[in-house]
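Please work through the following exercises with the sequence and the model open beside you, and try each task before reading its solution.

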Amino acid sequence: MDLVPLSEITNTNTRMETRRKFLGKVAVSAVGLPLITPFSNPFATFGPAADGPVLRVAIMGLGSYGTRVAEAMKDCTRAKLVGVISGTPSKVKTWQQQYGIPENNCYNYENYDAIKNNPDIDAVYMTTPNGLHCEGAKRVAAAGKHVISEKPMAVNAAEAQQMVEACKAAGVHLMVGYRMHFEPKTLRVVQMRQAGEFGKVHFFQGQSGFRIGDPNQWRLNPKLSGGGAMMDIGIYSINGARYMIGEEPIWVTAQETKTDPVKFKEGIDETIQFQLGFPSGAVASCLSTYAINYLDRFYLVGTDGFAEMQPSTGYGPIKGRTNKGELTDPHSTHQTLQMDGMARIIFDGEKPVVPVDGEEGVRDMKIIDAIYQAVKTGQKVALNV
Ligand code: NAD
């Protein structure tokens, strides 16, 4: 993963200058966490103080996460909900009233290619089931609009790669809804690790899970989900292992346990333990499950320090500490930070500390493919991500 070293953050506007100076200070003076106050927090400047063009977004799939994103965007300064794509006319009406969406920015799944002719929409955020992301991305890209896809980006690496290529050919941005890449405490730990504050990193533990309810939901339908807990929640531990350790894994081993084969049918994993090996010798040991509630914990440890986060990827507030003390960066709604951050990537060319582009999403999908292969074969699988 191309984590941007502090020295390579090149944007020269004032906000970035402030941020760089601050980060530089953290890097060189080993300032302890207790000294980091909300007033000196570089990430705070990512929010309401930001100015510049506004990203005008249509949400595709008005379900539970789409609603969360829509609500969060009310507080954005650089992104605005302006359109919808939905197969349910009654939802469209409700959303129009709730968010003041004009009639000519409302589409359904049959006619949304016509978004091409709508100059009032810049980007489409797909919050549809995983199995629909690939086709959606291709159609949105062909319409000349930027694509934001929810995670997992697709149901396998081949589809994810097709999305990257379609967006590249159309000259539009492709980004994945990795909201943790904008979360201040997460970024704090990443920056501390980049600055060598934990010494040589040896081990990461990621535990991601919840108990899934309704057996008839799309998440338990392989065609729409592409898999089980790994696709939905285990991906947080995969992605977390990569941004916490700051390397790309070179091998994976994995073991599956299934206690309810009726609910978790063929193609839907209930629980998988997996291990990732990294070039430096660091190892990640992770658990992904649909059988345990409140499972949301990251632990990173090196020769000279550790970071422990619990909850680590839920909607927050994220809580955590390192060997130097509590993580004190203030909480903001993740999706608000994410959407403002994505607007800055598109319009200002800002480089995020941890990437959110299509290639980043493809890496996670390659690792998921390899985990499923390792489960099936019982073999260690080599990775080239
Ligand atoms: P959901 O079921 O609540 O919403 C899905 C929406 O897609 C619904 O409005 C549904 O009507 C629509 N849809 C369109 N075609 C459909 C079809 N063929 N079958 C079923 N639904 C169809 O699901 P959700 O929880 O909102 O998840 C949507 C996406 O968002 C998934 O990719 C999921 O992984 C992702 N997600 C991300 C986060 C996060 O924190 N980043 C959290 C939750 C969900």
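**Exercise 1: a helix and its surroundings**

Task: Check whether the length of helix 5 (residues 157-170) agrees with a rise of 1.5 Å a residue, and then describe its ends and its buried side.

Solution: In this predicted model, the 14 residues of helix 5 should span 20 Å at 1.5 Å a residue, and because the end C-alpha atoms are 20 Å apart, the two values agree. At the N-terminal end, N156 acts as the cap, with a side-chain oxygen 3.2 Å from the backbone nitrogen of A158. After helix 5 comes G171, which has a positive phi, near 70 degrees. The buried residues of the helix are A157, A160, M163, V164, A166 and C167, and among the elements that cover them are strand 4 (123-126), helix 4 (133-142) and helix 10 (358-377).

**Exercise 2: two packed helices**

Task: Describe how helix 2 (residues 64-73) and helix 9 (residues 334-348) pack.

Solution: The axes of helix 2 and helix 9 are 8 Å apart and make an angle of about 70 degrees. Helix 2 is therefore roughly perpendicular to helix 9, since angles of 65 to 115 degrees count as such. Helix 2 contributes Y65, R68, V69, A72 and M73 to the contact, while helix 9 contributes Q335, T336 and M339. Sorted by class, the contact has five nonpolar, two polar and one charged residues.

**Exercise 3: a loop residue**

Task: Is T313 buried or exposed?

Solution: T313 lies in the loop between strand 12 (306-309) and strand 13 (320-322). Its relative accessibility is 4%, so T313 counts as buried, the cut-off being under 20%. Leaving aside neighbours within four places in sequence, T313 is in contact with residues including R179, Y236, D296 and F298.

Methods:
Residues are numbered from 1 along each chain as its sequence is written. This is a predicted model: local features need pLDDT of at least 70, side-chain atom pairs count only at pLDDT 80 or more; totals for chains, interfaces and linings use all residues. Side-chain values use heavy atoms; hydrogens and water are left out. Helices (H or I, at least four residues) and strands (E, at least two) are DSSP runs, numbered from the N terminus. The expected span of a helix is 1.5 Å times one less than its number of residues. Buried means under 20% relative accessible area, exposed over 50%, partly exposed in between (1.4 Å probe, protein chains only). Contact means heavy atoms within 4.5 Å. A polar contact is a pair of N or O atoms within 3.5 Å; within protein, one must be able to donate a hydrogen and the other to accept it, and residues adjacent in sequence count only if both atoms are side-chain atoms. Axes are lines fitted to C-alpha atoms, for helices over the stretch in contact, and angles run from 0 to 180 degrees between N-to-C directions. Angles under 35 degrees count as roughly parallel, over 145 as roughly antiparallel, 65 to 115 as roughly perpendicular and the rest as oblique. Ala, Val, Leu, Ile, Met, Phe, Trp, Tyr, Cys and Pro count as nonpolar, Asp, Glu, Lys and Arg as charged, and the others, Gly among them, as polar.
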